[in-house]
Each structure stands twice: as C-alpha cells, then as structure tokens.
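Trainee: Could you take me through some of the labels used for this structure, and show me each time how the label follows from its definition?

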Amino acid sequence: MENEKRDHWSEVLKRRLQNSTKDERSEEEKKTEETELFTKYYTEWRGGGDKDTSYNNIPRFYYRLPAEDEILLQKLREESRAVFLQRKSRELLDNEELQNLWFLLDKHQVPPITGEEAMISYEAYLQVGEKAGPKCKKFFTARVYAKLLHNDPYGRISIMQFFNYVMRKVWLHQTRIGLSLYDVAGQGYLRESDLENYILELIPTLPQLDGLEKSFYSFYVCTAVRKFFFFLDPLRTGKIKIQDILACSFLDDLLELRDEELSKESQESNWFSAPSALRVYGQYLNLDKDHNGMLSKEELSRYGTATLTSVFLDRVFQECLTYDGEMDYKTYLDFVLALENRKEPAALQYIFKLLDMENQGYLNVFSLNYFFRAIQEQMKVHGQEPVPFQDVKDEIFDMVKPKDPYKITLQDLVNCCQGDTVVSILIDLNGFWTYENREVLVANDNNSSNTGDVDDT
C-alpha cells in the first residue's frame with residue numbers, strides 16, 4: 001500500500017515538472033513550487049494532514065498539585081494516597097505467609113546438604129513457587145534464581161539465602177510504605193520535620209532506647225535526623241529522597257536498636273544508640289561553659305583534644321549558621337559529623353568549603369600555607385620545632401596527585417582516598433602530629449602485638 005502511494009505522488013510530481021518546462025516562470029518560482037509539491041505529497045504519504053494531531057497519542061504525565069486554598073482537592077489527594085499505600089501494604093507477605101513459605105522451602109530441599117546449608121534445585125524452586133500463592137510469584141523467577149546461584153556443582157541455591165532475600169525485599173517495601181506515610185507533599189521525599197515525626201514515633205518500638213528520658217526525646221530526634229541530612233542532603237535542599245534513605249545503611253543502624261541483646265561495642269559504634277546520643281549531647285553541654293545553650297568560638301576550641309587551629313575555627317564561624325556569633329546544637333552536630341567521619345565525601349565537602357576561603361573551587365599553595373602556618377604556631381607554643389611548609393606542601397601534593405599540579409579540588413581529595421589525612425594536617429595539631437609520627441606509631445603497635453604474642457605463648 002505504501003509503495004503504491006509513493007509511486008502515485010512521484011509520478012504526479014514528474015508530470016507536473018515536465019509540463020512546467022513550457023512555462024516562462026523564473027527558476028526560483030519553479031523551485032518553490034517543487035518544494036511545495038514535495039512537502040504536500042510527502043505529508044500525504046506519511047499519513048499526516050494539514051493539522052498535526054500526534055500529541056493526542058502522548059499520555060498525560062503531569063498532574064498539578066492542589067494549591068493551599070484547594071482544601072477539598074488536598075483532602076482527596078491525601079485519602080487517595082492513604083488508600084494506595086494500604087493496598088500496597090496488603091500485597092506484602094505477612095508473618096504467617098513467610099512462615100508457610102519457609103516450611104514449603106524446607107519440605108522441597110534437595111540433597112546433598114552443602115556444609116550446613118539446605119539447598120534447592122530449580123525444578124523444586126518452581127514447584128514451591130506454584131504452591132506458595134500469588135503474593136510470592138514475583139520472587140520465583142529465573143532472574144532471582146540466577147542472582148542467588150553461586151558455585152554449587154548441582155546448580156542449586158541456598159534455601160536460607162533465598163529466604164533472607166525475600167525477607168529483605170518485604171522489609172524494604174514495608175519500610176518504604178512506612179516512610180511514605182510521613183511524606184506530606186507526596187513527592188517521594190521527606191522534609192526535616194517529616195523525618196523528625198517518623199523517628200519520634202519510632203522511639204517506643206526500639207527496646208535499646210527504653211532508658212531515654214522523655215525530656216531528652218527532642219535532642220535525640222535532632223541528633224538522629226542530622227546524620228540523615230548531613231550525608232544525604234549535600235546541597236542542603238532541606239529534603240531527602242525516600243529512595244536514598246532506603247539505599248543507605250543508616251536506617252539499618254537505627255532499626256538495629258530493636259535488638260534487646262545488642263552488644264556494648266555495637267551500641268558505642270552506632271550513632272543512633274542511646275549511649276552515642278548522650279555522649280554527643282554531653283560533650284555539647286561540657287563545652288557550653290556559660291550555660292546559655294550555645295557555643296562560642298572559645299568554647300568550641302576545647303572540642304576533642306583542643307588542638308584545632310584558631311584559623312580553622314574562625315572559618316567555621318564564618319561559614320556555618322550562627323546566632324549572634326554563637327553555634328546552636330544542630331550546627332554543632334554537623335561539625336561533629338564532619339570531624340568524626342573525615343574519610344566520607346560529605347565530610348570532606350564540609351571541611352573543603354572551610355578551607356576554600358575565596359570560594360574558588362580549589363586549594364592552591366597559598367591556601368595550604370595559610371592554614372599550615374597556624375599549625376606551625378601551635379608547634380612553637382608546645383615547644384616543638386616547626387616543620388617547614390615546603391616539605392609538607394610537597395607531601396600533600398604527592399598524596400593527592402591532583403589533575404592540575406597547582407590546584408587541589410574536592411574531587412581530587414575524594415579520589416586520592418587520603419583526604420582525611422590531608423585535612424587533618426591542615427586543621428588539627430594532633431592530626432598533624434599523628435601523621436608526622438606515623439612510622440613510630442606503627443612500630444610501637446607492632447611491638448605491642450609481638451609482646452602480646454610472647455605473653456600468650
């Protein structure tokens with residue numbers, strides 16, 4: 001059919017052109033008519049008309065959010081979202097269905113057992129999928145099986161690994177639904193107040209937080225929320241994608257507090273634990289000598305080992321949000337998260353912004369010298385011989401290996417994997433001393449371990 005159309009309009013075009021040879025029109029007029037005819041017949045051949053209606057086939061992809069004064073539409077939207085989330089929740093496996101799935105998997109295990117792991121073949125896996133019910137159907141696919149298939153000589157997968165996979169998926173969907181209930185805007189992200197409400201209502205479900213006084217809840221929530229926003233909102237937009245919250249490990253750390261037998265070591269290393277939150281808040285109170293609930297530069301200078309340089313602290317108070325020149329608890333939390341996690345890109349970004357005094361996007365020799373001079377002055381105060389800047393500068397550039405040999409960017413610091421060492425050299429006398437004496441410290445550690453081995457024998 002298309003060939004017939006094409007032949008038809010090409011023949012007509014040829015005839016018109018042949019007849020036009022007798023015309024006494026100019027070449028330009030003939031060219032214009034030729035173009036018009038070609039456009040007309042080509043459009044007809046393609047099935048178009050005078051009016052382009054192709055937009056009718058584009059599905060609607062934008063729905064305007066109700067305005068603040070459209071109360072009815074807002075209520076309708078909230079109710080619709082609530083019904084949608086309830087429906088999604090009912091699609092998930094409950095505890096009884098998970099237990100039944102485990103019994104079916106155990107019943108269809110295929111010998112021999114590998115170590116202590118019960119295994120299942122693909123044929124038995126499909127049989128379980130047929131018996132497990134419609135909710136489980138999405139878990140029993142060739143793709144899932146292949147993902148869990150490792151080096152079993154019989155082509156089987158571990159029943160425990162598969163069941164853990166299902167449990168993880170169910171947990172992720174449950175958590176996503178739970179977080180979405182606090183997404184007031186319904187746009188897939190949480191604002192600071194939304195996440196605060198989520199964590200506040202989560203506290204009673206976490207046995208490890210049973211000992212917290214209710215008067216401390218607001219400080220605990222602030223401490224917990226700051227970690228999410230410090231690392232997941234680097235542009236400081238005031239909102240975090242729910243998808244990013246699920247993808248990071250912070251929620252796992254927070255929900256780990258459901259374990260009533262969590263070890264002391266695990267609690268101390270977990271930012272969200274009661275001991276950790278009390279430690280951070282206790283440090284803040286200890287620094288606040290005038291008890292006004294805020295920290296001045298002089299009070300903050302006693303943070304940690306009290307070896308942060310005054311030049312660096314000046315930059316902290318110049319760049320960070322302060323109130324009449326003093327720092328509140330929320331700003332202090334950002335400061336602590338940056339200094340306690342110097343290896344992390346978000347922490348390096350925080351410190352880099354302070355080091356980049358002229359907001360150039362890079363550190364040059366002048367920047368490094370400006371901050372290291374304060375380290376040299378501290379060394380003199382402590383009766384130490386200052387290390388020449390030229391030596392330190394060469395070592396920093398050797399560690400970082402920047403793309404531009406005269407400039408160090410934030411990306412250079414992140415890529416070199418030694419950014420934490422570099423910033424410590426520039427802002428903290430204790431950090432510089434640790435770097436300068438690294439060989440002695442390693443030797444002492446080795447001697448201690450060797451002595452321990454001798455004692456053990």
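Trainee: Why is Glu70 called partly exposed?

Mentor: Glu70 has a relative accessibility of 23%, and since buried means under 20% relative accessible area, exposed means over 50%, and partly exposed is what lies in between (1.4 Å probe, protein chains only), the middle label applies. Keep in mind that this is a predicted model, in which local features need pLDDT of at least 70 and side-chain atom pairs count only at pLDDT 80 or more, while totals for chains, interfaces and linings use all residues. Residues are numbered from 1 along each chain as its sequence is written, and side-chain values use heavy atoms, with hydrogens and water left out.

Trainee: What makes the pair Arg64 and Glu70 a salt bridge?

Mentor: A salt bridge requires a side-chain nitrogen of Lys or Arg within 4 Å of a carboxyl oxygen of Asp or Glu, and the side chains of Arg64 and Glu70 meet at 3.2 Å, N to O, so the pair fits the rule. By this rule the count comes to 16 salt bridges.

Trainee: How do you know that Lys135 and Glu97 form a salt bridge, and what does the pair tie together?

Mentor: Their closest N and O atoms are 3.3 Å apart. Lys135 lies in the loop between helix H5 (122-132) and helix H6 (142-148), whereas Glu97 is in helix H4 (residues 95-107), so the pair ties together parts that are 38 residues apart in sequence. Helices here are DSSP runs (H or I, at least four residues), and strands are too (E, at least two), numbered from the N terminus. Lys135, at 27% relative accessibility, counts as partly exposed, and Glu97, with a relative accessible area of 26%, is partly exposed as well.

Trainee: Which parts are tied together by Asp428 and Arg342?

Mentor: Asp428 forms a salt bridge with Arg342, the closest N and O atoms being 3.8 Å apart. Asp428 lies in the loop between helix H21 (419-427) and helix H22 (429-436), and Arg342 in the loop between helix H16 (329-340) and helix H17 (345-355), so the pair ties together parts that are 86 residues apart in sequence. Are these two residues buried or exposed? Both Asp428 and Arg342 are buried.

Trainee: Why does Asp210 count as exposed?

Mentor: Asp210 counts as exposed because its relative accessibility is 57%, and its place is in the loop between helix H8 (192-202) and helix H9 (217-232).
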